Amino acid sequence: MGESVGISRRSVLKAAAAAGLGVAVDQVAAGRAAAAASPAAAAFPQSAEAGRRVVAQTLDVRYAEVEVPGYGTVTTRAYNGTVPGPTLRVRGGDLLRLTQVNGLPPNPPHEGGPHTPHHPNSFNLHTHGMHVSPAGEADNVLREFAPRTAEEVAAGAPEPRYTTVIEVPADHPAGTYWYHPHLHGATAEQLAGGLAGVIVVEGDVDEVPEIRAADELVLCINELKLKDGKVPPFSSGGWMSGVPSVFTVNGAVNPTLGLRPGEVQRWRLVAATAFTALNIELTSSASNLTLHQIAQDGVTFAAPVARARLELAMGNRADVLVLGGQPGRYELRADGVAEPLLTVEVAGEAVEPPMRLPELLPPGRPLIEEQELTDPAAEREVLFHVDPNVFPGDFPNAYRVLGSHPTPAVDPDGDLGHDPAYGLFDPCYTNHTLRLGTVERWTVRTGETSPFLNHPFHLHTNQFLVTHRNGERLDPPVWHDTVGLAGGQPGESVTFLVRYQDFTGRTIAHCHHLHHEDLGMMQTVDYVR
(Lines give C-alpha, C1' and ligand atoms only; values in the text may rest on other atoms or scores of the structure.)
Protein backbone atom coordinates (compact mmCIF):
# COMPACT_ATOMS: atom_id res chain seq x y z
CA MET A 1 0.00 0.00 0.00
CA GLY A 2 1.96 3.03 -1.22
CA GLU A 3 1.36 6.69 -1.83
CA SER A 4 3.36 9.14 -3.91
CA VAL A 5 2.99 12.51 -2.21
CA GLY A 6 3.77 15.45 -4.44
CA ILE A 7 3.62 18.46 -2.12
CA SER A 8 6.22 21.13 -2.79
CA ARG A 9 8.28 22.29 0.14
CA ARG A 10 7.52 25.95 -0.63
CA SER A 11 3.74 25.41 -0.53
CA VAL A 12 3.98 23.57 2.79
CA LEU A 13 5.97 26.39 4.40
CA LYS A 14 3.56 28.98 3.00
CA ALA A 15 0.59 27.15 4.52
CA ALA A 16 2.35 26.94 7.86
CA ALA A 17 3.01 30.66 7.91
CA ALA A 18 -0.65 31.38 7.15
CA ALA A 19 -1.73 29.21 10.07
CA GLY A 20 0.07 31.52 12.50
CA LEU A 21 0.95 28.77 14.98
CA GLY A 22 4.73 29.08 14.89
CA VAL A 23 6.99 32.08 15.44
CA ALA A 24 10.31 31.82 13.61
CA VAL A 25 12.94 34.06 15.16
CA ASP A 26 15.74 33.14 12.77
CA GLN A 27 16.24 31.46 9.43
CA VAL A 28 18.55 28.64 8.46
CA ALA A 29 21.62 29.97 6.66
CA ALA A 30 20.92 30.60 3.01
CA GLY A 31 23.42 27.98 1.95
CA ARG A 32 21.70 25.13 3.85
CA ALA A 33 21.12 22.23 1.49
CA ALA A 34 17.71 21.56 3.02
CA ALA A 35 16.49 24.92 1.75
CA ALA A 36 17.56 24.07 -1.77
CA ALA A 37 16.23 20.55 -2.00
CA SER A 38 16.36 18.78 -5.33
CA PRO A 39 13.02 18.11 -7.09
CA ALA A 40 13.27 14.48 -6.01
CA ALA A 41 13.58 15.38 -2.35
CA ALA A 42 11.06 18.22 -2.54
CA ALA A 43 8.31 15.79 -3.49
CA PHE A 44 8.78 13.86 -0.26
CA PRO A 45 6.43 14.85 2.62
CA GLN A 46 8.12 17.01 5.26
CA SER A 47 6.90 18.60 8.48
CA ALA A 48 5.80 22.20 8.02
CA GLU A 49 8.72 23.54 10.07
CA ALA A 50 11.41 21.23 8.65
CA GLY A 51 13.24 24.00 6.82
CA ARG A 52 13.47 26.71 9.49
CA ARG A 53 15.07 27.22 12.85
CA VAL A 54 12.29 27.72 15.43
CA VAL A 55 12.93 29.23 18.86
CA ALA A 56 9.32 30.04 19.79
CA GLN A 57 6.48 27.71 18.85
CA THR A 58 2.90 27.07 19.85
CA LEU A 59 1.93 23.40 20.06
CA ASP A 60 -1.85 23.16 19.95
CA VAL A 61 -2.99 19.74 21.18
CA ARG A 62 -6.53 18.63 20.40
CA TYR A 63 -8.42 15.99 18.46
CA ALA A 64 -8.05 16.51 14.73
CA GLU A 65 -9.09 14.73 11.57
CA VAL A 66 -5.77 13.94 9.93
CA GLU A 67 -5.47 12.63 6.38
CA VAL A 68 -2.90 9.83 6.29
CA PRO A 69 -2.00 9.16 2.63
CA GLY A 70 -2.11 5.44 1.96
CA TYR A 71 -4.47 4.80 4.89
CA GLY A 72 -7.31 7.31 5.09
CA THR A 73 -8.67 9.79 7.58
CA VAL A 74 -7.72 9.36 11.22
CA THR A 75 -9.24 11.10 14.23
CA THR A 76 -6.46 11.50 16.76
CA ARG A 77 -4.79 13.76 19.29
CA ALA A 78 -2.31 15.82 17.29
CA TYR A 79 0.14 18.69 17.54
CA ASN A 80 -1.19 21.53 15.35
CA GLY A 81 -3.44 19.12 13.46
CA THR A 82 -0.63 17.08 11.89
CA VAL A 83 1.15 13.75 12.34
CA PRO A 84 3.97 14.20 13.15
CA GLY A 85 4.02 17.64 14.74
CA PRO A 86 6.23 20.55 13.61
CA THR A 87 9.96 19.97 13.33
CA LEU A 88 11.78 22.33 15.71
CA ARG A 89 15.26 23.61 14.82
CA VAL A 90 17.66 25.15 17.33
CA ARG A 91 21.39 25.70 17.82
CA GLY A 92 23.54 25.51 20.90
CA GLY A 93 22.91 28.57 23.06
CA ASP A 94 19.32 29.04 21.90
CA LEU A 95 16.25 29.35 24.11
CA LEU A 96 13.41 27.13 22.93
CA ARG A 97 10.09 28.45 24.23
CA LEU A 98 7.05 26.24 23.65
CA THR A 99 3.50 27.26 24.45
CA GLN A 100 1.21 24.25 24.65
CA VAL A 101 -2.56 24.55 24.44
CA ASN A 102 -4.61 21.68 25.86
CA GLY A 103 -7.74 21.64 23.74
CA LEU A 104 -8.60 18.04 24.64
CA PRO A 105 -11.83 17.03 26.40
CA PRO A 106 -11.97 16.57 30.19
CA ASN A 107 -10.34 13.42 31.51
CA PRO A 108 -12.72 10.52 32.11
CA PRO A 109 -12.98 9.18 35.69
CA HIS A 110 -10.26 6.70 36.67
CA GLU A 111 -11.02 3.83 39.01
CA GLY A 112 -7.93 1.67 38.47
CA GLY A 113 -4.58 1.75 40.21
CA PRO A 114 -1.58 3.99 39.47
CA HIS A 115 -0.16 1.43 37.01
CA THR A 116 -3.12 1.22 34.67
CA PRO A 117 -3.77 3.72 31.84
CA HIS A 118 -5.33 6.95 33.11
CA HIS A 119 -5.65 10.69 32.39
CA PRO A 120 -5.54 10.16 28.59
CA ASN A 121 -6.18 13.86 27.92
CA SER A 122 -3.44 15.21 30.17
CA PHE A 123 0.13 15.42 28.88
CA ASN A 124 3.48 17.16 29.35
CA LEU A 125 6.57 17.42 27.15
CA HIS A 126 9.83 15.44 26.95
CA THR A 127 12.69 16.56 24.70
CA HIS A 128 13.94 13.02 24.18
CA GLY A 129 17.73 12.66 24.19
CA MET A 130 18.57 16.31 24.76
CA HIS A 131 21.05 17.24 27.49
CA VAL A 132 18.96 19.94 29.14
CA SER A 133 17.53 20.64 32.57
CA PRO A 134 14.89 18.18 33.84
CA ALA A 135 13.54 20.67 36.39
CA GLY A 136 11.10 23.57 36.58
CA GLU A 137 9.54 24.50 33.23
CA ALA A 138 12.20 22.68 31.20
CA ASP A 139 12.29 18.94 30.33
CA ASN A 140 10.19 18.16 33.41
CA VAL A 141 8.15 15.00 32.83
CA LEU A 142 6.77 15.10 36.39
CA ARG A 143 4.49 18.03 35.44
CA GLU A 144 0.89 17.58 34.25
CA PHE A 145 -0.71 19.71 31.54
CA ALA A 146 -4.36 18.97 32.37
CA PRO A 147 -7.36 19.82 30.17
CA ARG A 148 -10.35 21.76 31.42
CA THR A 149 -12.66 19.99 33.80
CA ALA A 150 -16.29 19.40 32.82
CA GLU A 151 -17.27 22.28 35.12
CA GLU A 152 -14.78 24.61 33.46
CA VAL A 153 -16.06 23.65 30.01
CA ALA A 154 -19.64 24.35 31.09
CA ALA A 155 -18.59 27.72 32.51
CA GLY A 156 -16.84 28.67 29.26
CA ALA A 157 -13.37 28.83 30.79
CA PRO A 158 -10.54 29.28 28.27
CA GLU A 159 -8.45 26.32 27.23
CA PRO A 160 -5.37 26.08 29.47
CA ARG A 161 -1.95 27.01 28.15
CA TYR A 162 1.34 25.66 29.50
CA THR A 163 4.90 26.81 28.90
CA THR A 164 8.05 24.76 28.38
CA VAL A 165 11.34 26.68 28.27
CA ILE A 166 14.45 24.79 27.17
CA GLU A 167 17.86 26.46 27.50
CA VAL A 168 20.05 24.62 24.99
CA PRO A 169 23.67 24.52 26.22
CA ALA A 170 26.15 26.28 23.95
CA ASP A 171 28.11 23.04 23.56
CA HIS A 172 25.08 20.80 22.99
CA PRO A 173 25.88 18.08 20.42
CA ALA A 174 24.46 18.80 16.99
CA GLY A 175 22.08 16.03 15.99
CA THR A 176 18.59 14.60 15.75
CA TYR A 177 16.27 14.45 18.77
CA TRP A 178 12.51 14.31 19.24
CA TYR A 179 9.71 15.42 21.54
CA HIS A 180 6.64 13.65 22.86
CA PRO A 181 4.30 13.67 25.87
CA HIS A 182 5.46 11.72 28.91
CA LEU A 183 2.75 11.70 31.58
CA HIS A 184 2.76 8.36 33.42
CA GLY A 185 -0.42 6.47 32.55
CA ALA A 186 -1.12 8.29 29.27
CA THR A 187 2.10 8.15 27.24
CA ALA A 188 1.45 5.01 25.20
CA GLU A 189 -2.07 5.93 24.10
CA GLN A 190 -0.93 9.38 22.99
CA LEU A 191 2.11 8.06 21.07
CA ALA A 192 -0.17 5.48 19.43
CA GLY A 193 -2.01 8.38 17.83
CA GLY A 194 1.12 10.05 16.48
CA LEU A 195 1.59 12.76 19.14
CA ALA A 196 5.30 13.37 18.52
CA GLY A 197 7.66 15.59 16.58
CA VAL A 198 11.34 16.05 15.72
CA ILE A 199 13.94 18.41 17.18
CA VAL A 200 17.05 19.20 15.15
CA VAL A 201 20.04 20.75 16.91
CA GLU A 202 22.17 22.31 14.19
CA GLY A 203 25.93 22.65 14.48
CA ASP A 204 29.38 21.60 13.35
CA VAL A 205 28.54 18.37 11.53
CA ASP A 206 26.15 20.26 9.24
CA GLU A 207 29.07 22.29 7.89
CA VAL A 208 31.12 19.28 6.70
CA PRO A 209 31.29 20.00 2.93
CA GLU A 210 30.00 16.60 1.79
CA ILE A 211 27.09 16.79 4.28
CA ARG A 212 26.33 20.41 3.47
CA ALA A 213 26.06 19.48 -0.21
CA ALA A 214 23.52 16.70 0.45
CA ASP A 215 19.78 17.23 0.56
CA GLU A 216 18.53 16.75 4.12
CA LEU A 217 15.34 14.82 4.88
CA VAL A 218 13.73 14.38 8.28
CA LEU A 219 12.12 10.90 8.28
CA CYS A 220 9.88 10.57 11.33
CA ILE A 221 8.55 7.01 11.67
CA ASN A 222 5.33 6.89 13.70
CA GLU A 223 3.62 3.70 14.85
CA LEU A 224 -0.14 4.23 14.98
CA LYS A 225 -2.58 1.87 16.67
CA LEU A 226 -5.87 2.33 14.86
CA LYS A 227 -9.27 0.72 14.82
CA ASP A 228 -12.06 2.25 12.73
CA GLY A 229 -9.84 5.28 12.17
CA LYS A 230 -9.24 5.98 15.87
CA VAL A 231 -6.91 4.93 18.67
CA PRO A 232 -8.99 2.60 20.85
CA PRO A 233 -8.80 3.20 24.61
CA PHE A 234 -6.22 1.08 26.41
CA SER A 235 -8.70 -1.20 28.10
CA SER A 236 -6.54 -4.21 28.95
CA GLY A 237 -2.95 -5.35 29.27
CA GLY A 238 -3.31 -7.34 26.05
CA TRP A 239 -5.09 -4.68 24.01
CA MET A 240 -2.32 -4.51 21.37
CA SER A 241 -2.87 -8.08 20.21
CA GLY A 242 -6.06 -7.02 18.46
CA VAL A 243 -4.89 -3.66 17.15
CA PRO A 244 -2.38 -3.86 14.26
CA SER A 245 0.29 -1.20 13.90
CA VAL A 246 0.15 1.27 11.03
CA PHE A 247 3.60 2.68 10.29
CA THR A 248 3.88 6.10 8.69
CA VAL A 249 6.85 8.16 7.54
CA ASN A 250 6.17 11.88 7.89
CA GLY A 251 2.47 11.10 8.12
CA ALA A 252 2.13 8.86 5.03
CA VAL A 253 2.01 5.08 4.61
CA ASN A 254 4.89 3.94 2.39
CA PRO A 255 5.55 7.28 0.66
CA THR A 256 7.85 7.38 -2.36
CA LEU A 257 11.12 9.28 -2.30
CA GLY A 258 13.16 10.14 -5.39
CA LEU A 259 16.94 9.72 -5.52
CA ARG A 260 19.21 10.22 -8.54
CA PRO A 261 22.09 7.87 -9.35
CA GLY A 262 25.21 9.34 -7.82
CA GLU A 263 23.23 11.66 -5.50
CA VAL A 264 23.80 11.65 -1.73
CA GLN A 265 20.93 12.40 0.64
CA ARG A 266 21.14 12.86 4.39
CA TRP A 267 18.34 11.13 6.27
CA ARG A 268 17.49 11.95 9.86
CA LEU A 269 15.73 8.71 10.86
CA VAL A 270 13.54 8.97 13.97
CA ALA A 271 11.93 5.85 15.47
CA ALA A 272 9.02 7.65 17.12
CA THR A 273 7.51 4.25 17.90
CA ALA A 274 6.13 3.13 21.25
CA PHE A 275 5.88 -0.65 20.81
CA THR A 276 8.03 -2.00 17.96
CA ALA A 277 11.78 -2.06 17.36
CA LEU A 278 12.78 -1.62 13.71
CA ASN A 279 15.63 -3.63 12.20
CA ILE A 280 15.78 -1.97 8.80
CA GLU A 281 17.49 -2.34 5.43
CA LEU A 282 17.14 -0.56 2.08
CA THR A 283 16.65 -3.37 -0.38
CA SER A 284 15.52 -4.30 -3.88
CA SER A 285 15.18 -7.58 -5.79
CA ALA A 286 18.63 -7.03 -7.29
CA SER A 287 20.70 -5.30 -4.61
CA ASN A 288 20.69 -3.19 -1.46
CA LEU A 289 21.68 0.41 -0.85
CA THR A 290 24.15 0.95 1.96
CA LEU A 291 23.20 3.10 4.93
CA HIS A 292 26.27 5.15 5.83
CA GLN A 293 25.56 6.00 9.47
CA ILE A 294 27.04 9.26 10.75
CA ALA A 295 25.27 9.62 14.12
CA GLN A 296 23.41 7.62 16.77
CA ASP A 297 20.86 9.21 19.11
CA GLY A 298 22.04 12.70 18.25
CA VAL A 299 25.79 12.12 18.70
CA THR A 300 28.03 12.27 15.62
CA PHE A 301 30.50 9.46 14.91
CA ALA A 302 34.18 10.13 14.21
CA ALA A 303 33.68 8.70 10.69
CA PRO A 304 30.80 7.21 8.68
CA VAL A 305 30.02 3.53 9.33
CA ALA A 306 28.68 1.53 6.36
CA ARG A 307 25.76 -0.68 7.37
CA ALA A 308 23.63 -3.12 5.41
CA ARG A 309 21.15 -3.21 8.31
CA LEU A 310 20.37 -0.71 11.05
CA GLU A 311 18.71 -1.44 14.39
CA LEU A 312 16.37 1.22 15.77
CA ALA A 313 14.82 0.50 19.14
CA MET A 314 11.78 2.51 20.17
CA GLY A 315 12.99 6.09 20.57
CA ASN A 316 16.31 5.71 18.72
CA ARG A 317 17.51 8.07 16.02
CA ALA A 318 20.14 7.54 13.35
CA ASP A 319 21.56 9.98 10.82
CA VAL A 320 22.58 8.22 7.62
CA LEU A 321 23.92 9.17 4.20
CA VAL A 322 22.42 7.32 1.24
CA LEU A 323 24.16 7.26 -2.15
CA GLY A 324 21.99 6.57 -5.18
CA GLY A 325 23.23 3.50 -7.06
CA GLN A 326 21.77 1.49 -9.91
CA PRO A 327 18.39 2.80 -11.12
CA GLY A 328 15.47 0.87 -9.71
CA ARG A 329 12.92 0.62 -6.95
CA TYR A 330 14.21 0.12 -3.41
CA GLU A 331 12.21 -0.40 -0.23
CA LEU A 332 13.07 0.55 3.33
CA ARG A 333 11.91 -2.58 5.14
CA ALA A 334 11.83 -3.58 8.80
CA ASP A 335 11.81 -7.13 10.14
CA GLY A 336 8.31 -8.21 11.11
CA VAL A 337 6.58 -5.32 9.32
CA ALA A 338 4.56 -6.46 6.31
CA GLU A 339 4.61 -3.22 4.30
CA PRO A 340 7.69 -1.16 3.36
CA LEU A 341 8.22 1.89 5.53
CA LEU A 342 9.00 3.88 2.40
CA THR A 343 9.93 3.33 -1.25
CA VAL A 344 12.95 4.89 -2.95
CA GLU A 345 12.92 5.38 -6.71
CA VAL A 346 16.48 5.73 -8.01
CA ALA A 347 15.91 7.39 -11.37
CA GLY A 348 16.64 10.44 -13.46
CA GLU A 349 19.83 11.96 -14.79
CA ALA A 350 22.88 10.67 -12.96
CA VAL A 351 24.99 13.07 -10.91
CA GLU A 352 28.43 13.22 -12.56
CA PRO A 353 30.81 12.90 -10.94
CA PRO A 354 28.97 11.13 -8.11
CA MET A 355 28.68 13.10 -4.88
CA ARG A 356 31.27 12.19 -2.27
CA LEU A 357 30.86 10.77 1.22
CA PRO A 358 32.92 12.35 4.01
CA GLU A 359 35.87 10.43 5.40
CA LEU A 360 36.06 12.12 8.81
CA LEU A 361 33.50 13.89 11.01
CA PRO A 362 33.67 16.19 14.05
CA PRO A 363 32.83 13.72 16.87
CA GLY A 364 29.81 14.76 18.86
CA ARG A 365 31.12 13.79 22.31
CA PRO A 366 34.50 12.72 23.70
CA LEU A 367 34.56 9.13 24.94
CA ILE A 368 34.61 8.22 28.63
CA GLU A 369 37.55 6.05 29.68
CA GLU A 370 37.35 3.27 32.27
CA GLN A 371 39.96 5.02 34.43
CA GLU A 372 37.55 7.93 34.86
CA LEU A 373 35.18 5.81 36.97
CA THR A 374 34.63 7.53 40.30
CA ASP A 375 34.33 4.19 42.12
CA PRO A 376 35.51 1.30 39.92
CA ALA A 377 34.09 -1.26 42.38
CA ALA A 378 30.57 0.18 42.28
CA GLU A 379 28.03 -0.72 39.63
CA ARG A 380 24.35 -0.05 39.15
CA GLU A 381 22.24 -2.85 37.76
CA VAL A 382 18.84 -2.70 36.08
CA LEU A 383 16.76 -5.78 35.28
CA PHE A 384 13.50 -5.55 33.32
CA HIS A 385 11.22 -8.30 34.59
CA VAL A 386 7.53 -9.18 34.21
CA ASP A 387 5.56 -11.17 36.78
CA PRO A 388 2.27 -12.53 35.37
CA ASN A 389 -1.09 -12.56 37.13
CA VAL A 390 -0.22 -10.35 40.08
CA PHE A 391 -3.21 -8.00 40.00
CA PRO A 392 -6.94 -8.61 39.55
CA GLY A 393 -8.78 -7.11 36.59
CA ASP A 394 -7.76 -6.30 33.04
CA PHE A 395 -4.12 -5.42 33.79
CA PRO A 396 -2.88 -8.46 35.70
CA ASN A 397 0.88 -8.35 35.02
CA ALA A 398 3.49 -6.53 37.10
CA TYR A 399 6.07 -4.72 34.93
CA ARG A 400 9.03 -4.35 37.26
CA VAL A 401 12.45 -2.72 37.23
CA LEU A 402 14.65 -4.80 39.51
CA GLY A 403 18.42 -4.94 40.04
CA SER A 404 20.46 -2.95 42.52
CA HIS A 405 17.93 -0.20 43.32
CA PRO A 406 14.35 -1.53 43.07
CA THR A 407 11.36 0.19 44.62
CA PRO A 408 10.87 -1.54 48.01
CA ALA A 409 8.29 -4.26 48.51
CA VAL A 410 5.25 -3.86 50.71
CA ASP A 411 6.31 -7.12 52.40
CA PRO A 412 10.08 -7.68 51.95
CA ASP A 413 9.79 -11.11 53.58
CA GLY A 414 6.82 -12.23 51.51
CA ASP A 415 6.29 -13.47 47.95
CA LEU A 416 8.07 -10.80 45.92
CA GLY A 417 6.65 -12.20 42.68
CA HIS A 418 3.19 -11.15 43.83
CA ASP A 419 4.12 -8.04 45.78
CA PRO A 420 2.02 -5.02 44.68
CA ALA A 421 4.87 -2.48 44.91
CA TYR A 422 8.21 -4.26 44.49
CA GLY A 423 10.09 -2.82 41.51
CA LEU A 424 7.15 -0.72 40.31
CA PHE A 425 7.33 3.02 39.70
CA ASP A 426 6.67 5.14 42.77
CA PRO A 427 7.02 8.89 42.16
CA CYS A 428 7.61 9.40 45.89
CA TYR A 429 10.57 6.99 46.04
CA THR A 430 14.02 7.83 44.63
CA ASN A 431 15.66 4.77 43.11
CA HIS A 432 18.92 6.43 42.03
CA THR A 433 20.62 9.46 43.58
CA LEU A 434 23.24 10.58 41.04
CA ARG A 435 25.85 13.18 41.98
CA LEU A 436 27.06 15.67 39.36
CA GLY A 437 30.62 15.05 38.19
CA THR A 438 30.43 11.35 39.02
CA VAL A 439 31.26 8.70 36.39
CA GLU A 440 29.54 5.35 36.94
CA ARG A 441 29.08 1.99 35.27
CA TRP A 442 25.62 0.49 34.72
CA THR A 443 24.60 -2.95 33.47
CA VAL A 444 21.08 -3.26 32.08
CA ARG A 445 19.50 -6.55 31.06
CA THR A 446 16.13 -8.06 30.32
CA GLY A 447 14.59 -11.13 31.89
CA GLU A 448 12.31 -11.58 28.87
CA THR A 449 12.65 -15.07 27.35
CA SER A 450 11.00 -14.33 24.00
CA PRO A 451 13.38 -12.82 21.41
CA PHE A 452 10.43 -10.93 19.91
CA LEU A 453 9.92 -8.79 23.02
CA ASN A 454 12.08 -5.72 23.49
CA HIS A 455 12.61 -3.60 26.60
CA PRO A 456 14.63 -0.53 25.50
CA PHE A 457 16.32 1.31 28.35
CA HIS A 458 16.11 5.12 28.32
CA LEU A 459 17.85 7.46 30.77
CA HIS A 460 16.72 11.07 30.83
CA THR A 461 19.08 14.10 30.81
CA ASN A 462 22.48 12.38 30.34
CA GLN A 463 23.56 10.28 27.37
CA PHE A 464 25.54 7.14 28.12
CA LEU A 465 28.42 5.36 26.39
CA VAL A 466 27.66 1.69 25.63
CA THR A 467 30.91 -0.27 26.05
CA HIS A 468 29.64 -3.88 26.03
CA ARG A 469 26.70 -5.77 24.55
CA ASN A 470 26.02 -9.27 25.86
CA GLY A 471 29.43 -9.20 27.53
CA GLU A 472 31.30 -8.44 24.30
CA ARG A 473 33.30 -5.22 24.19
CA LEU A 474 32.33 -2.72 21.47
CA ASP A 475 35.16 -1.16 19.48
CA PRO A 476 34.53 1.69 19.36
CA PRO A 477 31.90 2.21 22.07
CA VAL A 478 28.76 4.09 21.00
CA TRP A 479 26.84 6.93 22.65
CA HIS A 480 23.13 6.31 23.24
CA ASP A 481 20.24 7.73 25.18
CA THR A 482 18.06 4.68 24.43
CA VAL A 483 19.30 1.14 23.85
CA GLY A 484 17.24 -1.89 22.81
CA LEU A 485 17.26 -5.14 24.79
CA ALA A 486 15.66 -8.10 23.04
CA GLY A 487 14.57 -11.10 25.05
CA GLY A 488 15.99 -14.61 24.80
CA GLN A 489 17.54 -17.33 26.89
CA PRO A 490 19.32 -15.39 28.23
CA GLY A 491 17.96 -12.00 27.26
CA GLU A 492 20.27 -9.28 26.02
CA SER A 493 22.39 -7.07 28.25
CA VAL A 494 24.38 -3.87 27.84
CA THR A 495 27.03 -2.21 29.97
CA PHE A 496 27.60 1.52 29.76
CA LEU A 497 29.54 4.38 31.34
CA VAL A 498 27.80 7.64 32.16
CA ARG A 499 28.92 11.00 33.54
CA TYR A 500 26.26 13.07 35.30
CA GLN A 501 26.72 16.64 34.12
CA ASP A 502 25.40 20.19 34.47
CA PHE A 503 21.81 19.74 35.63
CA THR A 504 20.13 18.83 38.92
CA GLY A 505 16.55 17.68 39.42
CA ARG A 506 14.27 14.68 39.63
CA THR A 507 13.50 12.73 36.47
CA ILE A 508 13.24 9.10 35.34
CA ALA A 509 14.81 6.04 33.74
CA HIS A 510 12.47 3.50 32.18
CA CYS A 511 11.56 0.94 29.56
CA HIS A 512 10.79 2.71 26.29
CA HIS A 513 8.15 0.17 25.33
CA LEU A 514 5.73 2.83 26.48
CA HIS A 515 2.85 0.51 27.35
CA HIS A 516 5.22 -1.17 29.82
CA GLU A 517 6.27 2.22 31.19
CA ASP A 518 2.63 3.19 31.79
CA LEU A 519 2.17 -0.08 33.68
CA GLY A 520 5.04 0.64 36.07
CA MET A 521 8.36 -0.22 34.37
CA MET A 522 10.07 3.00 35.44
CA GLN A 523 12.36 4.38 38.16
CA THR A 524 12.97 7.82 39.64
CA VAL A 525 16.45 9.36 39.41
CA ASP A 526 17.57 12.48 41.27
CA TYR A 527 20.57 14.43 39.98
CA VAL A 528 22.17 16.26 42.91
CA ARG A 529 25.28 18.36 43.57
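Where is the place of Pro 84? These close-ups of a predicted model start with that spot and then visit three others.

**View 1. A cis peptide bond joins Val 83 and Pro 84.** Pro 84 sits in the loop between strand S3 (72–79) and strand S4 (88–91). Check the bond leading into this proline from Val 83: its omega is about -5°. Why bother with a close-up? Because most peptide bonds are trans.

**View 2. Gln 489 and Pro 490 are linked by a cis peptide bond.** Here omega comes out near 5°. To find Pro 490, look at the loop between strand S29 (482–483) and strand S30 (493–499).

**View 3. His 119 has a positive phi.** We're now in the loop between strand S5 (95–102) and strand S6 (126–128), which is where His 119 lies. Its phi is near 50°, and His 119 is a residue other than glycine. That's worth a look, because most residues other than glycine have a negative phi. Is His 119 buried or exposed? Neither label fits: its relative accessibility is 30%, so His 119 counts as partly exposed.

**View 4. Asn 470 also isn't a glycine, and its phi is positive.** The value is about 55°. You'll spot Asn 470 in the loop between strand S27 (464–469) and strand S28 (472–480). With a relative accessible area of 40%, Asn 470 is partly exposed. That label applies because the figure falls between the 20% cut-off for buried and the 50% cut-off for exposed.

Note on methods
Residues numbered from 1 in each chain as written. Predicted model: local features only at pLDDT ≥ 70, side-chain atom pairs only at ≥ 80, totals over all residues. Heavy atoms only, no water. Helix = DSSP H or I, 4+ residues; strand = E, 2+ residues; numbered from the N terminus. Buried < 20%, exposed > 50% of the residue type's maximum accessible area, 1.4 Å probe, protein only.
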